[in-house]
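Subject: Structure for you to look at

Hi,

Here is the structure I promised you. Open it up and keep it beside this email while you read.

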Amino acid sequence: MAKKRKTTKKGGGLSGFFSKKKKSSRSRSKKASSSWSFNLKFTLAILITVLLLTGIAVSLFYMDRYIKPNASSKQAYGSLVLAEPGIWVNEDWKQKVQEITGKGPFLLDDRSAKDLAQKLQVLSWMDNIHVKTTPEKILVYADYRRPVALVDLGGGKKYYLDAQMVVMDYIPVTAIPTIEIKGIASPRSIPTPGNRWAAEDAHAGVDLLDILYKMDLHFQQQQQMEKPLLDDIESVDVSNFAARRSNSAPHLFLNVKDGSTRVFWGAAWGQAARYLEQDEKDKLADLYQFFMDNNSLRGKAKYIELRQL
């Protein structure tokens with residue numbers, strides 16, 4: 001009888017043992033390689049992150065140290081200056097500007113200029129205000145209203161009127177004459193500063209004073225007078241405007257500073273022909289001829305009649 005051939009189970013015996021050992025060794029080697037690669041990648045990621053954070057921190061430090069000062073150095077400051085004001089704009093008027101805008105210095109940019117222009121709108125003696133910045137200062141350009149006449153309401157309430165009858169805040173002026181208007185029918189109707197007043201009698205006084213001011217300038221530029229005629233005038237009286245009190249009395253007359261002399265001007269400007277009076281140009285010629293002949297209106301006559309043809 002033939003012998004049965006011994007068979008071994010798959011995976012059994014030494015070959016199975018070595019096979020398992022080899023397989024196990026390869027598995028551990030693969031796992032070790034994978035772990036080392038992961039650790040290397042993780043370490044590199046941390047290193048890169050640290051380097052990035054360090055770079056950001058250094059950049060922020062230098063930005064804070066150099067960029068900020070450079071930005072702030074561009075913010076220049078300067079003072080506010082009134083450009084080409086009228087000769088009547090004195091230190092009291094400039095002080096009024098400081099009360100409204102502040103003393104400065106002011107930031108020299110468009111936003112600051114716009115803000116200052118807005119604040120200056122409340123000043124009744126400035127119009128068409130334009131503010132401009134330069135590298136050193138802020139310039140204020142404006143039309144400066146010239147005070148022509150003074151209205152005294154009593155109790156310390158005084159106002160100026162310009163040639164267009166705009167009411168202006170009162171601040172004492174010495175560089176030019178400002179003559180008081182007396183005899184206004186309704187002085188309490190005067191509006192708040194910055195607005196025009198519709199009082200016809202006050203308007204007649206302003207028109208006459210404005211003409212005399214321009215005549216003074218003309219003759220002084222021609223060097224024909226040593227001083228303005230208006231320096232001798234104390235007030236203009238409009239109480240008989242349009243003959244509301246008397247048909248025979250002058251509608252307007254000027255009070256001279258000597259306290260006794262009066263200049264009988266007559267009807268409001270442009271109304272001479274209506275009341276059969278001498279033409280306004282002839283009135284002016286007679287008045288200034290008298291003034292230049294005597295170098296004064298004071299103490300030279302009880303009255304100076306200008307109405308007669």
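Before anything else, a word we'll need: two residues are in contact when they have heavy atoms within 4.5 Å of each other. With that in hand, take the contacts in the chain with a separation of 6 or more: 56% of them are between residues 24 or more positions apart. Do keep in mind that this is a predicted model.

**The overall picture**

The chain has 309 residues, and 36% of them are buried. Going along the chain you'll find five helices and 12 strands. I'll take you through two sheets, then a pocket, then a few residues that are worth clicking on.

**The four-stranded sheet**

One open sheet has four strands in the order β2-β1-β4-β3, with mixed pairing. Its edge strands are β2 (106–107) and β3, each of which pairs on one side only. Helix α3 (residues 110–120) packs on this sheet and touches β1, β2, β3 and β4. The direction of α3 makes about 165° with that of β3.

Zoom in on β3 and β4 next. They form a hairpin, with three residues between them. Strand β3 covers residues 126–133 and β4 covers residues 137–144; the two run antiparallel and are joined by six bridges. You can check the register yourself: Thr133 has Ile138 in β4 as its bridge partner, and Lys132 stands opposite Leu139 in β4.

**The eight-stranded sheet**

The other open sheet has eight strands, in the order β7-β6-β5-β8-β9-β10-β11-β12, and its pairing is mixed too. Here the edge strands, pairing on one side only, are β7 (167–169) and β12 (303–305). From one strand to the next, the twist averages 30°. Helix α5 (residues 280–294) packs on this sheet, where it touches β11 (262–266) and β12. Its direction makes about 165° with that of β11.

Within this sheet, have a look at β9 (residues 233–237) and β10 (residues 252–256). They run antiparallel and are joined by four bridges. One pair to find is Asp237 and its bridge partner in β10, Phe253.

Asn255 also lies in β10. Is Asn255 buried or exposed? With a relative accessible area of 14%, it is buried, because the cut-off for buried is under 20%. Leaving aside neighbours within four places in sequence, Asn255 is in contact with Asp232, Ile233, Glu234, Ser235, Asp237, Thr261 and Arg262.

**The largest pocket**

The largest pocket has a volume of about 170 Å³. Two elements give two or more residues each to its lining: β1 (77–82) and α2 (91–101). The largest share, six residues, comes from α2. Sorted by class, the lining has four nonpolar, five polar and three charged residues. Among the lining residues are Ser79, Leu80, Glu91, Lys94, Lys103 and Phe106, if you'd like some to highlight.

**A few residues to click on**

- Met225 sits in the loop between α4 (200–221) and β9. Its relative accessible area is 10%, so it counts as buried. Beyond its neighbours within four places in sequence, Met225 is in contact with Asp216, Phe219, Gln220, Tyr288, Phe291 and Met292. Met292 is 67 residues away along the chain, yet the C-alpha atoms of Met225 and Met292 are separated by 6.7 Å.
- Pro105 is in the loop between α2 and β2. A cis peptide bond joins Gly104 to Pro105, with omega about 5°.
- Ala243 is in the loop between β9 and β10. Its phi is near 60°, a positive value in a residue other than glycine. Ala243 is buried, at a relative accessible area of 16%.
- Leu276 is in the loop between β11 and α5. This residue, again not a glycine, has a positive phi, near 55°. Is Leu276 buried or exposed? Its relative accessibility is 69%, and exposed means over 50%, so Leu276 counts as exposed.

Have a click around and tell me how you get on.

Cheers

Methods: Residues are numbered from 1 along each chain as its sequence is written. This is a predicted model: local features need pLDDT of at least 70, side-chain atom pairs count only at pLDDT 80 or more; totals for chains, interfaces and linings use all residues. Side-chain values use heavy atoms; hydrogens and water are left out. On a 1 Å grid over the protein atoms alone, a cavity is a set of points where a 1.4 Å probe fits but cannot get out, and a pocket is an open set with protein on both sides within 12 Å along at least five of seven lines; lining residues have an atom within 4 Å of a point. Grid points are joined across faces, edges and corners, and a volume is the space filled by probe spheres set on the points. Ala, Val, Leu, Ile, Met, Phe, Trp, Tyr, Cys and Pro count as nonpolar, Asp, Glu, Lys and Arg as charged, and the others, Gly among them, as polar. Two strands pair if DSSP finds at least two bridges between them. Axes are lines fitted to C-alpha atoms, for helices over the stretch in contact, and angles run from 0 to 180 degrees between N-to-C directions. Buried means under 20% relative accessible area, exposed over 50%, partly exposed in between (1.4 Å probe, protein chains only).
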